[in-house]
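Please look over the chain shown here. Start with the overall fold, then move to single helices and residues.

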Amino acid sequence: MQHSVKPRNCEVLLNYDCNARCRFCYHPDSVLTRAQDRMSFKQAAEALYRGRLDGAWCAYLIGGEITLRPDLPKIIKAAKSIGYPYIQVMSNGLKLADFNYARKLADAGANIFRLSIHGHKPDLHDYLVGVPGSFKKILKAFENVLKLNAELSVNIALNRHNYKFLEEILKIVAGKFKIEDFNVIFPHYSGAMSEHAEEFKVSVSQAAPYARKSLEYLRSSKAAIEDTILINFSPCNLPEAAHLMSEWGPPGSGAKDDPFFHMDGQNDRVHEIKKRLCVKNKACAGCIYDSKCFGFEKKYAELFGSREFKPVKKRVPAFPLKPSHRRLKRALEILKKDV
Ligand code: SF4
């Protein structure tokens, strides 16, 4: 099988229902209890198969909370038999605090666990996910994944309650647990986040200084990073960190767009979704990133306006962080055996 050099995901949205109650989620509150609407096993297997034919080599299983599905091990086994070298489980970590359950998923073939932590202390994280005791559980889930020798990745979703504590959260993620693959996600103002924007909203101008401070922490602590770490930022927000941002740079870059399968089995593309969500200012035409940048989300502009997005006129030195590429090297070893 032919593989692209850049790792490609096949994202499959398996269900909306969730055992947490994050009021900054990009899914609406109303779907969090809709267990009856899950993607069928057959649709999931078909989506994974089509993604693999398209050249994806990481089956990226997302929700809702996918660990609520009793057939998750069966879906993971299907992904493995279809030939994915990497199978990534995205989870809030609540169920993965149970070592036996985490082992069951790893035994089925899951080898990357992407878990979410949103606070540096129990009161903050528990408040944000709406489940008492969840901070303790997410740390236990981290330990379980590492004990299983699987790869641990992390999502941190910024909002008004936690953006000032990003550095402290990274001290746990990159400092204490030495995790090299993590996403700092600027809010998508859709779903619950849009419904509860008055409580949770944060602007780019508010978040950027704390993101800069956190980059300084990563540099000074010599933390290694696997790949890009900033999601849903535009290059003009932090020009020195443009190389650390994902979700931009596809047109003309030669990168093939990753497949995304919605819960009804509909086949979409990650960059197409981003394009539908975003707009640009007239002034973007004068920006050095214009041809590669999607702009900023329409919903963001409805809340905050678009004046913060100012054209970048010349390239600034890239903020230096230590690269790891451990996963890429490991994946290439797997792929060499596969071809
Ligand atoms: S094109 Fe527009 S949104 Fe994108 S980086 Fe430039 S000014 Fe910002």
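The report below goes from the whole chain to one helix pair, and then to selected residues.

**Whole chain**

This is a predicted model. The protein chain holds twelve helices and 13 strands. Its C-alpha trace spans about 50 × 45 × 40 Å along the principal axes. How does the radius of gyration of the protein chain agree with that of a compact globule? A compact globule of 339 residues would have a radius of gyration near 20 Å, and the protein chain has 19 Å, which agrees.

Of the 339 residues, 41% count as buried. Contacts reach far along the sequence. Among contacts with a separation of 6 or more, 78% join residues 24 or more positions apart.

**Helices α4 and α5**

Two packed helices are described by the angle between their axes and the distance between the axes. Helix α4 covers residues 122-129, and helix α5 covers residues 134-147. Their axes come within 7 Å and cross at roughly 100°. Angles of 65 to 115 degrees count as roughly perpendicular, and α4 and α5 are therefore roughly perpendicular to each other. On the α4 side, the contact is made by P122, H125, D126 and V129. On the α5 side, S134, F135, K136 and I138 take part. By class, this contact has four nonpolar, two polar and two charged residues.

Now take α5 by itself. Its 14 residues should span 20 Å at 1.5 Å a residue. The end C-alpha atoms of α5 are 20 Å apart, which agrees.

Which residues of α5 are buried? They are S134, F135, K137, I138, A141, F142, N144 and V145. An α-helix has 3.6 residues a turn, so residues three or four places apart point the same way. The cover over the buried residues of α5 includes α3 (99-108), β4 (112-116), α4 and β5 (151-157).

**Two positive phi angles**

Just after α5 comes N149, with a positive phi of about 60°. N149 is not a glycine. It is found in the loop between α5 and β5. Is N149 buried or exposed? With 8 C-beta neighbours inside 10 Å, N149 counts as exposed.

K222 is another residue other than glycine with a positive phi, near 60°. Its place is in the loop between α9 (204-220) and β7 (224-225). K222 has 9 other C-beta atoms within 10 Å and is exposed.

**Three buried residues**

The cut-off matters here: a residue is buried if 20 or more other C-beta atoms lie within 10 Å of its own. The table lists C18, L170 and A79 with their counts.

| Residue | C-beta neighbours within 10 Å | State |
|---|---|---|
| C18 | 24 C-beta atoms | buried |
| L170 | 26 C-beta atoms | buried |
| A79 | 28 C-beta atoms | buried |

C18 sits in the loop between β1 (9-13) and α1 (41-53). What does C18 touch, not counting residues up to four places away in sequence? It touches L32, G63, G64 and E65. Two of these partners, G63 and G64, are joined by a cis peptide bond, with omega about 25°. G64 has its place in the loop between β2 (58-62) and α2 (72-82). C18 and P239 are 221 residues apart along the chain, and their C-alpha atoms are separated by 36 Å.

L170 is found in helix α6, residues 166-176. Leaving aside neighbours within four places in sequence, L170 is in contact with G175, S214, Y217 and L218. L170 and H188 are 18 residues apart in sequence, and 21 Å apart in space from C-alpha to C-alpha.

A79 lies in helix α2. Which residues is A79 in contact with, leaving aside its neighbours within four places in sequence? They are L48, A59, Y84, I87 and G109. A79 and N155 are 76 residues apart in sequence, with 23 Å between their C-alpha atoms.

**In brief**

The predicted chain has a radius of gyration of 19 Å, which agrees with a compact globule. Helices α4 and α5 cross at roughly 100°. N149 is exposed, as is K222. C18 is buried, as are L170 and A79.

Key: Residues numbered from 1 in each chain as written. Predicted model: local features only at pLDDT ≥ 70, side-chain atom pairs only at ≥ 80, totals over all residues. Helix = DSSP H or I, 4+ residues; strand = E, 2+ residues; numbered from the N terminus. Rg over C-alpha atoms; globule rule 2.2 N^0.38 Å. Buried ≥ 20, exposed ≤ 12 C-beta atoms within 10 Å, placed from the backbone. Contact = placed C-beta atoms within 7 Å. Axes fitted to C-alpha atoms, helices over the stretch in contact; angles between N-to-C directions. Parallel < 35°, antiparallel > 145°, perpendicular 65-115°, else oblique. Nonpolar A, V, L, I, M, F, W, Y, C, P; charged D, E, K, R; others polar. Expected span 1.5 Å × (residues − 1).
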